[in-house]
Amino acid sequence: MNESEYKKITATVKKHLNLDLEFYKPNQMIRRLSGFIGRVGATNADEFCALIATDADVREKVMNFMTINVTEFFRDTRHFDLLRSTVLPGILKKNPRPKIWSAGSSRGAEAYSVAMMIEEIAPGTKANIIGSDLDANIIAQANAGGPYPTAEAKNIPASLRNRYMEEKPDGWYVNSEIRSKAKFKEQNLLTDRFDGGFDLVMCRNVVIYFSDEAKHGLNKKFSASLKSDGVLFIGGTETILNPKEFGFEREAAAFYRKTSSPAVSSRAA
Ligand SMILES: C[S@@+](CC[C@H](N)C(=O)[O-])C[C@H]1O[C@@H](n2cnc3c(N)ncnc32)[C@H](O)[C@@H]1O
């Protein structure tokens, strides 16, 4: 795929899916798209764009492909261990009604993992847990508390699974007690406004395909959305190279604490 073909696809995707590929790394997107267009029956970029414009099924497939909803409960168990042993108890000590956000929540496994943990650490806590994602279908599934395939539920400790999960013919569901503790909404992290006052923001395995510029803008917005002393929890394979620029101190692998306001920077958000 050449540059002008990619430009045509990005314009078509923007028009029909309201998704701005300008925020994604072009080389990776071109590589991924080149493999994908044949899967919806197109042989070149023009045919692919025509299908996006005319076929709702193809639009849905493109959306799913772009957003990759892979998730699981307690993903990166050693980081969740630290969350349970240290980070969450510290947050709960300071605020018995913590405000928590799973940004790019997919089906909600991450947010519900935290809801289960809080219930274990401090039963009856009235935490305000919010999840958000670009993908409307996935948000409906998150709010329904399932179904989750067995593979996504495999890391849930047996004691929590027995207590908070139910197995149905189409997969695993969180029970109504845990479901009532998290709410999910549609939101584009790259273009929409962020809420504020969070004690904990989790944005894990979401920014892998974002450009450096987009990641920079996002880190600034996450910092602004956190309370002073709040924590940003990122993916196990991710890192923030210049945390101080955003007012963060690296506390442990994948955990950054907001210790000051972001430095003023001339870079674009
Ligand atoms: C790989 S999943 C990660 C889910 C979860 N955070 C985890 O680590 O298990 C990435 C999610 O980010 C969402 N996403 C991608 N770009 C987004 C954007 N611009 N705004 C909001 N969500 C986005 C996708 O729809 C997808 O559900």
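This short presentation goes through the domains, helix contacts, sheet and ligand surroundings of a predicted model.

Good morning, colleagues. I shall begin with the overall division of the chain. The domain assignment gives domain 1, covering residues 3–67, and domain 2, covering residues 77–258. Between their C-alpha centres there is a separation of 29 Å. Each side brings residues to the contact: 8 come from domain 1 and 8 from domain 2. On the domain 1 side, helix H2, at 26–36, and helix H4, at 56–67, are the elements that give two or more residues. By class, that side of domain 1 consists of 4 nonpolar, 2 polar and 2 charged residues.

Let me now turn to the helices of domain 1, starting from H1. How do the axes of H1 and H3 cross? Helix H1, residues 3–17, and helix H3, residues 45–54, have axes that come within 10 Å and cross at roughly 0 degrees. Angles under 35 degrees count as roughly parallel, and H1 and H3 are therefore roughly parallel to each other. From H1, the residues in this contact are Glu5, Lys8, Ile9, Thr12, Val13 and His16, and they meet Ala45, Phe48, Cys49, Ile52 and Ala53 of H3. The contact of H1 with H3 comprises 7 nonpolar, 2 polar and 2 charged residues.

With H4, the arrangement is as follows. The axes of H1 and H4 come within 11 Å, and their crossing angle is roughly 110 degrees. This makes H1 and H4 roughly perpendicular to each other. Here H1 contributes Val13, His16 and Leu17, while H4 contributes Arg59, Val62 and Met63. This contact of H1 with H4 divides into 4 nonpolar, 1 polar and 1 charged residue. Val13 and His16 thus appear in the contact with H3 and also in the contact with H4.

I move on to the sheet. An open sheet is formed by 7 strands, in the order E5-E2-E1-E6-E7-E9-E8, with mixed pairing. Which strands stand at the edges? They are E5, at 182–186, and E8, at 248–252; each has a single partner strand, so one side of each is left without a neighbour in the sheet. Direction ignored, neighbouring strands of this sheet are turned by 20 degrees against each other on average.

At the E5 edge, the partner is strand E2, residues 128–133, and the two pair in the parallel sense over 5 bridges. Within this pairing, Ser132 stands opposite Lys185 in E5.

Two helices lie across strands of this sheet. Helix H5, residues 77–94, lies across E6 (198–203), E7 (226–234), E8 and E9 (255–258), and runs at about 165 degrees to E7. Helix H6, residues 109–121, lies across E1 (99–103), E2, E5 and E6, and its direction is at about 170 degrees to E2. E6 therefore has both helices on its list, since H5 lies across E6 and H6 does likewise.

There is also a separate strand pair to mention. Strand E3, residues 165–168, and strand E4, residues 171–174, pair in the antiparallel sense over 4 bridges. A hairpin of 2 residues joins E3 to E4, and Glu167 stands opposite Trp172 in E4.

Finally, the ligand. How many residues surround the ligand? There are 22, and the closest are Thr67, Thr71, Gly104, Ser106 and Leu189. The shell around the ligand divides into 8 nonpolar, 9 polar and 5 charged residues. Thank you for your attention.

How values were computed
Residues numbered from 1 in each chain as written. Predicted model: local features only at pLDDT ≥ 70, side-chain atom pairs only at ≥ 80, totals over all residues. Axes fitted to C-alpha atoms, helices over the stretch in contact; angles between N-to-C directions. Parallel < 35°, antiparallel > 145°, perpendicular 65-115°, else oblique. Contact = placed C-beta atoms within 7 Å. Nonpolar A, V, L, I, M, F, W, Y, C, P; charged D, E, K, R; others polar. Pairing = 2+ DSSP bridges. Near = placed C-beta within 6 Å. Domains from an automatic or database assignment.
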